Amino acid sequence: MEIERELTFEDMSVHSPGAFSKGDAMRQLRTAPNAHSLRVALAELDQTSQSLTQMLNGAKEKALGNSDKDLERIKNNVKRMKFGTVELGTECAFLRSVLESAPMPSAQNPPRETAAFVNANAAIKVLKDSNDREAKTVELLTQEVGAVAEQFQKLHETLTRRIEHLEQMEEKCELAESGLSDADLDAANGAHTHPEDQNLSLEQARAHIEALDAETKAVRNALRTRTAEVTTMAESLNPAKQKLKTVEAELRLFTGADTLQQRELDASSEIAETSAVATEQRLMIQALIGCEIVECNGEKLAVAVTTKIPQTQMSALEPVDGTPASKAATLVGGAVPGTPCFERMHLVEIIFHPGSTAVKSVSLTPGDVPIDDVVASVVAAGACEKSLQSFLTEIKVRVAATSGRTEALTRTAAQTPMEWSAGASLVRVGLYSGTGGVAAMDVPLEWPMSNARVRVVGLAGLPPAVVAAAAPKVDPGGYTSIAAALRATQDALAGAGHVPTV
């Protein structure tokens, strides 16, 4: 099946970050935050669960195919989906970041013009004034040249009419000269042309022709003079024409430069606005998911993951019975609380197989959190977008769980003999303060989060009959703390008739 077009966040989500950030709820929450605007923003933000489901369904429907082209498109779509992933558990962080964000420019807080912007506007104004002056000069010069051209046209028409008249007179003279041997025919022709000359004699006709010849010579001389004057006038107009062409070229140059500069200013403004929107959306998504992309290329993705470590649950910090910590907890009405909430940052480097979205290897810096099982799961999944989407979330959960697990195990180990490791789930706890047997417990790496429980998986250093009798009395579903599991094990041993050696 061919993918008809690439997926976009708006195709898959009904709750786009861009639409949400530009909506009325966000605008009201930024300008005048109150209880009503906060409730409206929360109501819109609650739609992210449905948006995420629709996004995954749409990606599943559109990301089918097994060709290299489809895999490349899927890879690009996964990159886009990483930026569009919204975590439901970070709604409070998002709202806090929105409330703490800088206010948008308004009438009370207008935007300020920089010195570079003021200088650029002043330079543009000077250039426009210069262009206006040049345009006025060109307009005046054009009017003057137009007036001279009009005079030249009129004079040219006049001379043309005179030349035509002289040509007609020359033709008449040639006819008259060729008809001297046949005066009567010439007179007849003249009579046909000019009825008033029908009664002229031959001598009178000759005299009239001579007069016309003299007039023709005079007209020719005047025509030569006028032609010389017109030629001189045309030559005198050549510098003005060249200047006019130069001014027109400069005008086109200035007009083009002004237009180009205006286009550059418009493009710079549009780029700045687009960059601001992209930065705002990127910061919003980073605040939502707690991840910042440090490096991204075809085969490597480096992400800075910020994890909010919650305070360790009180049930996991339950002290072991019979210890000074247990007595102190009885006096004060509870165990000492765990470390308050804080944040930790790790750098996750994901290496992909060439030309694919399948994960090849993952490294965590600092490497104080066991993630081998999580990495093995996503590597085994291959080019699976769903597992890749939840990978960073699982790492954040593992970081938070490891912090709480380490604190609880450290506190318990200070109360009773115990062998444990941050990277292994198997923990060995000494029974009866280390005086009688050892209990092997499975403490999951997700404990005390994700509803994980401590299970007793074995007993050592005790009679087999006692172990066999006590095993059915231990809850296979596990316990909330090591202290509770230890207490249940010792009670089961007591019920089986075991008497500890003091």
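## Elements and the cis bond before Pro-366

Helices here are DSSP runs of H or I with at least four residues, strands are runs of E with at least two, and both are numbered from the N terminus. With that in hand, Pro-366 is easy to place: it sits in the loop that links β4 (359-365) to α12 (372-381). The peptide bond leading into Pro-366 from Thr-365 is cis, with omega near -5 degrees. Keep in mind that this is a predicted model.

## The overall picture

The protein has 15 helices and 8 strands. Of its 502 residues, 32% count as buried. Its accessible surface comes to about 30,000 Å², and carbon and sulfur atoms own 57% of that.

If you take the contacts with a separation of 6 or more, 63% of them join residues 24 or more positions apart.

## Two nonpolar cores

The largest nonpolar core holds 30 residues, and the members touching the most others are Val-429, Leu-431, Met-441, Trp-447, Val-454, Ile-482 and Leu-493. Two or more residues come from each of α13, β6 (426-430), β7 (438-442), α14 (464-470) and α15 (482-495). The biggest giver is α15, with 8 residues. Looking past its neighbours within four places in sequence, Leu-493 is in contact with Leu-431, Tyr-432, Leu-459, Leu-462, Val-466, Ala-470 and His-498.

There's also a second, separate core, this one of 24 residues, with Cys-291, Leu-301, Ile-395 and Ala-400 among them. As a general backdrop, nonpolar side chains in soluble globular proteins tend to be buried together.

## A buried arginine in α13

Arg-398 belongs to helix α13 (residues 385-413). With a relative accessible area of 4%, Arg-398 falls under the 20% cut-off, so it counts as buried. What does its side chain reach at 2.7 Å? The backbone oxygen of Pro-370.

Pro-370 also turns up in the wider list: setting aside residues up to four places away in sequence, Arg-398 touches Val-369, Pro-370, Ile-371, Asp-373, Val-374, Leu-445 and Glu-446.

## The two faces of α3

Helix α3 (residues 24-31) buries Ala-25, Met-26, Leu-29 and Arg-30. These four span an arc of only 125 degrees around the axis, so they are on the same side of α3. That spacing follows a familiar rule: an α-helix has 3.6 residues a turn, so residues three or four places apart point the same way. On the face turned away from the buried side, Asp-24 and Thr-31 are exposed.

## The β5-β8 sheet and a loop with odd backbone angles

Four strands make an open antiparallel sheet in the order β5-β6-β7-β8. The edges are β5 (418-419) and β8 (455-460); each has a single partner strand, so one side of each lacks a neighbour in the sheet. The antiparallel pairing of β5 with β6 runs over 2 bridges, and Glu-419 has Arg-428 in β6 as its bridge partner.

The loop between β7 and β8 is worth a look. Pro-448 is found there, and a cis peptide bond with omega about 5 degrees joins Trp-447 to Pro-448. Ser-450 is in that loop too, with a positive phi near 55 degrees. Asn-451 shares the β7-β8 loop, and its phi is positive as well, at about 60 degrees. For context, most residues other than glycine have a negative phi, and most peptide bonds are trans. Are Ser-450 and Asn-451 buried or exposed? Ser-450 is exposed at 52% relative accessible area, and Asn-451 is exposed at 75%.

Conventions:
Residues are numbered from 1 along each chain as its sequence is written. This is a predicted model: local features need pLDDT of at least 70, side-chain atom pairs count only at pLDDT 80 or more; totals for chains, interfaces and linings use all residues. Side-chain values use heavy atoms; hydrogens and water are left out. Buried means under 20% relative accessible area, exposed over 50%, partly exposed in between (1.4 Å probe, protein chains only). A polar contact is a pair of N or O atoms within 3.5 Å; within protein, one must be able to donate a hydrogen and the other to accept it, and residues adjacent in sequence count only if both atoms are side-chain atoms. Contact means heavy atoms within 4.5 Å. The arc is that of the directions from the helix axis to the C-beta atoms. Accessible areas come from the Shrake-Rupley method with a 1.4 Å probe; for residues, only the protein chains shown count as cover. A nonpolar core is a set of buried Ala, Val, Leu, Ile, Met, Phe, Trp, Tyr and Cys residues joined through side-chain atoms within 4.5 Å. Two strands pair if DSSP finds at least two bridges between them.
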